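Let's take a walk through this one together, chain by chain. Have the viewer open and rotate as you read.

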Amino acid sequence: MSKTMTREASKDFVRDAHGEILPIIENFYSYCAEGKLMGIKCVGCGQIMCPPRAICRNCLSDKYEWVELKERGKLVTYTIIYFPPTQFQLLAPYAVGISKLDDGPHLPGMIKNVKLEEITIGMPLRVDYETVIPKDWPRWARYFFKPA
Amino acid sequence: MSPIASIVSAGISKFGVREGLYSRELFSEAAKEAFDNCPNLDPRRDVKALFVGMMSESYEHQAHVAPLFLDWIGLLPKPAFRTEGACASSSVAMRTALFSIASGAYDVVIVGGVEKMTHVSMTGVTEILAMASDFPFEQWHGISFPGIFGMMAVDHMHRYGTTEEQLAKVAVKNHDHGALNPKAHFQKRITVDEVLSSKPVAWPLKLYDCCPRSDGASCLILTSPRIAKKFTDTPVNIIGSGQAQDTLSLFERDNFSTMKAARLAAKQAYDQAGITPADVDVAEVHDCFTIAEILAYEELGFCKTGEGGKLIDEGQTHLGGKIPVNTSGGLKAKGHPVGATGTAQAHEIYLQLTNQAGKRQVANADFGLTENVGGSASTGVVHIYQRGD
């Protein structure tokens, strides 16, 4: 496990000149390392975006505020991966899917703590977080879904 | 409908496992065929530029391929352009080439595409293809490309009742057609049972729902319509061209049973050509996975939304049906050397509209269509063709 580090050793957020946490993917994952699912709310139109973006996909505003999202959602679609990319080979077969979060956005991820044959569209899911963070880029703490 | 440009010749390499041949050699094979098929063309005198689509430098550890391919087909020092649009790379090259002709910059160009894949392991290819999906939210969570189309298939099955048997029938049809194409990777028929019992890749997609990894190249000689007859008595005119984009990642869309980029590209192309889906006599569509062909039927207007499964059940897209689709064998049987696919689709339509398609010839075809998507249909390109003789 030399290639991983614990949450306590996770790195700082990337901030602007005023110390504000920038609405970027790196910071989204830094929040995940703290066990928080964060998105941004556009100050211009109220659109909630997860992952965060610098420019609102709805009104093109760059004014934002971070909002903590509810970790609940429902499974919209999924698949079972039998032939995975190299680094996931030990996990196969595994399920991945897209959850529609109660706050609106879709989020994709792995579905864990469930028997593959018990996965159904519409099932309630909860977001949880891995506790280890890779040492090298990208140092992103993965979130995943589990049955609520 | 005044044509945008005319195809006066076309060439394609044999698709498949081309051991020891790399992209420059495959591209040379396709270009030589296109040159040889057009005796009135003096490539060095007439061809003004090269446009080429290739997806990835990773397969051969080779970037900056536009001057390389240009040199290997003997056309130095003309300008050469390379485009990348994942699996739609050479369709984007085609559009770039069309713009160059429509603007008056060039009157004759060569446009093509190539990919060399089979020297890389299946796992390696899976990873290189995955680069066309979103890294931080798809690749990072173990979502492979078959996985993305698997999620689209599950959505379509849940929403419309599409079945695994209907998906399998797409593969069976395209293998039927591929068996008639001497350039196809697979020239062997398969059965629904063989598809259904093949190894699972990303449920509900099984190995035979997925296109193979292939080596190959394809190209077209395009001219301004006003000079096409100098080169051939039987040109094929491109009368509609459309392109649209969608989010790179699947999850950021509202509906996973659509390919909006393909639908919007088709609308542009139909409007420009002044024809409707009912006018199309033969089509080549993007069947990287069987579900993608079902979705293409719906987005191109060959059937209503949700009825793609029914259309394949009715056999209407088989040779002899109302609208034969993928007479070449499609990506599934002809093969999908990623960058080569767009112009390979155009190559098949060129053969069909010039009565050169041999055993898979569609009788009396006047209008053809190609639909090529990149990634999870983040890029969609549609072209419409008409006999020019």
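What follows goes from chain A to the contact between the chains, and then on into chain B. Keep in mind that this is a predicted model.

Let's begin with chain A, which is mostly a story of strands: its secondary structure comes to one helix and ten strands. Starting at the N terminus, the order is β-α-β-β-β-β-β-β-β-β-β, so the helix comes right after the opening strand and β elements make up the rest of the run. How does the radius of gyration of chain A sit against that of a compact globule? For 148 residues the globule value would be near 15 Å, and chain A has 16 Å, which agrees. If you'd like a box to go with that, the C-alpha atoms of chain A fill roughly 45 × 40 × 25 Å along the principal axes. As for the inside, 35% of the 148 residues of chain A count as buried. Looking at contacts in chain A with a separation of 6 or more, 50% of them link residues 24 or more positions apart.

Now swing the view to where the two chains meet. Chain A brings 25 residues to the contact and chain B brings 26. On the chain B side, at least two residues each come from helix H5 (122-130), helix H6 (145-160) and strand S5 (200-203). H6(B) gives the largest share of that side, with seven residues. Sorted by class, the chain B side holds 14 nonpolar, eight polar and four charged residues. There is also strand pairing across the chains: strand S5 (residues 72-81) of chain A and S5(B) pair in the antiparallel sense, over two bridges. To find the spot, pick Ile81(A), whose bridge partner in S5(B) is Ala202(B).

On to chain B itself. Here nine strands form an open sheet with mixed pairing, in the order S3-S2-S4-S7-S1-S8-S11-S10-S9. Why do strand S3 (80-83) and strand S9 (282-284) of chain B each have one side without a neighbour in the sheet? They stand at the edges and have a single partner strand each, so the other side is left open. Neighbouring strands in this sheet are turned against each other by 25 degrees on average, ignoring direction. For a close-up, try strand S2 (residues 49-53) and strand S4 (residues 108-115) of chain B, which run parallel and are joined by five bridges. Within that pair, Val52(B) has Gly112(B) of S4(B) as its bridge partner.

Helices pack on this sheet too. Helix H1 (residues 23-36) of chain B touches strand S1 (5-12), S4 and strand S7 (216-223) of chain B, with its direction at about 40 degrees to that of S7(B). Helix H13 (residues 341-353) of chain B lies across a list of strands including S1, S2, strand S8 (236-245) and strand S10 (367-374), and runs at about 170 degrees to S10(B).

Finally, zoom out to the domains. Chain B is divided into domain 1 (5-120 + 214-236) and domain 2 (140-208 + 237-387). The centres of these two domains of chain B, taken over C-alpha atoms, are 23 Å apart. Between them, 39 residues of domain 1 are in contact with 34 residues of domain 2. On the domain 1 side, S1, helix H4 (89-102), S4 and S7 of chain B each supply at least two residues, and H4(B) has the largest share with seven. By class, that side has 22 nonpolar, 13 polar and four charged residues.

Note on methods:
Residues are numbered from 1 along each chain as its sequence is written. Chains are lettered from A and ligands numbered from 1 in the order in which they are written. This is a predicted model: local features need pLDDT of at least 70, side-chain atom pairs count only at pLDDT 80 or more; totals for chains, interfaces and linings use all residues. Helices (H or I, at least four residues) and strands (E, at least two) are DSSP runs, numbered from the N terminus. The radius of gyration is taken over C-alpha atoms; the globule rule is 2.2 Å times the number of residues to the power 0.38. A residue is buried if 20 or more other C-beta atoms lie within 10 Å of its own, exposed if 12 or fewer, and partly exposed in between; C-beta atoms are placed from the backbone. Two residues are in contact if their C-beta atoms, placed from the backbone, lie within 7 Å. Ala, Val, Leu, Ile, Met, Phe, Trp, Tyr, Cys and Pro count as nonpolar, Asp, Glu, Lys and Arg as charged, and the others, Gly among them, as polar. Two strands pair if DSSP finds at least two bridges between them. Axes are lines fitted to C-alpha atoms, for helices over the stretch in contact, and angles run from 0 to 180 degrees between N-to-C directions. Domain bounds come from an automatic or database domain assignment.
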